[in-house]
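Look at how two chains can meet. Follow the contacts, then the strands.

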Amino acid sequence: MASLNEVIHQPVRLRIMAALASLGKETQASFNYLKDVLELTDGNLGAHLRKLEEPGYIEITKTFVNNKPHTYVQATSAGRQAFREHVAALEEILNGNQTGLNGHQREENDPHGSQSEGSS
Amino acid sequence: MNVSPEEARASLVTIRQTQTQMKKLVGITGYFSIIWGLVWFLGLLGNQYLPEQDVWLIWAPAVTVGWILSAILGIHLGKQTRTSSGSRIAFFFLALGGFAVLWFVVMQPASWKQDALFIMTVFIFGGMVVGIIERALPLIMYTLFMAALLVIGYYLVPVYFCL
């Protein structure tokens, strides 16, 4: 059973990992491009990238192109694996809810049923 | 960590939306196929219907425009993403091009159809190797299909080879 990842689950970081995981394994996205696609400020994106870099989910590369600094971001294998597990966990919750809903509907139709089950 | 089913659903929707946005970027690389597909379409039409000595009148401008448009698209894409294997791929194509020129000189193809088959299979081989380096299965399948089509066309329907 897959488990949720607290680092990745934060909404902004979830979108970052979703974006990076959709690129090829050898492909890096530029910081500015991520900022535009995800509609974030420099500071906001930078802070969340550092949070993802700490457990090794992403790799940040800083280079110079024509004497201008450029930053590129890439999901690591560990990051992709963690993201996949997190998505699987979310899907399990959703699928589990469908079963749960049926159970909940049964309880609504028979409100005393849950009490008798609880007492036994 | 407790996540409700509604939160799980919202997260999955967010993931799908973000990945759809990113696929639009990846889809831009399809423009390379469109550019070179048009170049080869025009060039091969010329091969099929123009006198042999006039074929270069189509190929020279078409390939030149193709390179210019590819460079513009490449520069635009490079501002957004880059591949860590980019320099390796570039070096590979340089080496492949040099190897192809050497073999062209040594083999001296007997006809323009053999010229076309050789040049096209070299580029297709290059594309296949890029697909392997980038682990891009669609590119590998596409280049395998094109290679099969070329060989079948050359041997089974030579009259329509360039089409």
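In this predicted model, 24 residues of chain B are in contact with 25 residues of chain A. Contact means that the C-beta atoms of two residues, placed from the backbone, lie within 7 Å. On chain B, α1 (5-28) and β1 (81-83) each supply at least two residues of the side that touches chain A. Helices (H or I, at least four residues) and strands (E, at least two) are DSSP runs, numbered from the N terminus. The largest share, twelve residues, comes from α1(B).

The residues of this side of chain B fall into three classes, shown here.

| Class | Members of the class | Residues on the side of chain B |
|---|---|---|
| nonpolar | Ala, Val, Leu, Ile, Met, Phe, Trp, Tyr, Cys, Pro | eight residues |
| polar | the others, Gly among them | ten residues |
| charged | Asp, Glu, Lys, Arg | six residues |

Strands also link the chains. Three bridges join β1 (residues 27-30) of chain A to β1(B), and the two run antiparallel. Thr27(A) has Thr83(B) as its bridge partner. Ala29(A) stands opposite Thr81(B). Two strands pair if DSSP finds at least two bridges between them.

The result is an open sheet of four strands, in the order β2(A)-β3(A)-β1(A)-β1(B), with antiparallel pairing. Its edge strands are β2 (58-65) of chain A and β1 of chain B, and each pairs on one side only. The twist averages 30 degrees from one strand to the next. Helix α2 (residues 11-21) of chain A packs on the sheet and touches β1, β2 and β3 (68-75) of chain A. The direction of α2(A) makes about 85 degrees with that of β3(A). Axes are lines fitted to C-alpha atoms, for helices over the stretch in contact, and angles run from 0 to 180 degrees between N-to-C directions.

Residues are numbered from 1 along each chain as its sequence is written, and chains are lettered from A and ligands numbered from 1 in the order in which they are written. In this predicted model, local features need pLDDT of at least 70, side-chain atom pairs count only at pLDDT 80 or more, and totals for chains, interfaces and linings use all residues.
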